[in-house]
Amino acid sequence: MDHKIIYEQPLNERTRSFLRLEFLFQQMRHQLGGTSPWDSRAAVNTLLEILSIFGRSDLKTEVMKELERHTANLARLEQSPDVDRGQLAGLLDEIDTLIDELHAIKGQVGAHLKGNELIASIQQRSAIPGGTCDFDLPAYHFWLQLPAENRLHDLAGWLDAFDVIGRAIRLILRLIRSSQLFQPATADAGFYQKSLDPHHPCQLVRVAVPAGSIFYAEISGGKHRFTVRFMEQPSINDKAVQTGRDIEFELACCTI
């Protein structure tokens, strides 16, 4: 998909959570490449968002259920004469290893970080605009003035608590995305709608447009159908509107 912009829309809550965590893990890994106190602040803010998502549901159980579902689906392919058995066996082994590693985690993923006094104090103050500035949290200010290698070591250790589940989510999303190739489609007057089979639920809608396109895709949907609207916004200060042009694009409805 070189020179393409891909827009994705999850059609269930589990996939939505996985996509958000994928984004946050990528963001924090990028922030760990910076050495300034401001980079460390940004990484801590991302960590707090990750903790917030994990605090809302038992994501470890959700991930394990999804891995087991993929195991069952992939196992059916063993009877197909066209399947690459070596690649399939390697994938099943990778899933089994991740399930075992998740089973080995006691309690909720990242639960020990909630007991970290510094993280807890930052989390409490972060709800207030500007609440984590120097005079509000002198302990945080002190930590931010430590040498970069010290801060990066701490941040990497905190992120490492999510390593196994992060790898599992990356694998699940890779399987979902690769389950369907992009197909050409046309949005008449900037609008496209498709009905879905609720007995074979689509987990993720993907829309690809050329990188130089002046339109962007706005996707919405649920169990029974989804729509794609192509919007144009000549100026960032103007309201976006649906284009009246017919738009050629590529579409993938990922069902696995």
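Here is a short tour of a sheet, two helices and a domain interface.

Before you click, know that this is a predicted model, where local features need pLDDT of at least 70, side-chain atom pairs count only at pLDDT 80 or more, and totals for chains, interfaces and linings use all residues. Residues are numbered from 1 along each chain as its sequence is written, and side-chain values use heavy atoms, with hydrogens and water left out.

**Stop 1: the sheet.** Select strands 1, 4, 8 and 2: they form an open, antiparallel sheet in the order 1-4-8-2. (Strands are DSSP runs of E, at least two residues; helices are runs of H or I, at least four; both are numbered from the N terminus. Two strands pair if DSSP finds at least two bridges between them.) At the edges sit strand 1 (4-10) and strand 2 (183-187), each pairing on one side only.

Now pick strand 4 (residues 204-210) and strand 8 (residues 247-254), which are joined by five bridges. Which residue of strand 8 is the bridge partner of Val 205? Look for Cys 253.

**Stop 2: the domains.** Colour domain 1 (13-179) and domain 2 (183-254) separately; such bounds come from an automatic or database domain assignment. Seven residues of domain 1 are in contact (heavy atoms within 4.5 Å) with four residues of domain 2.

Together the domains bury about 520 Å², meaning accessible area (1.4 Å probe) lost on being put together, summed over both. On the domain 1 side, show Thr 15, Ile 176 and Arg 177: they lose the most area to domain 2, together 68% of what that side buries.

Key:
Buried area is the accessible area (1.4 Å probe) that two parts lose on being put together, summed over both.
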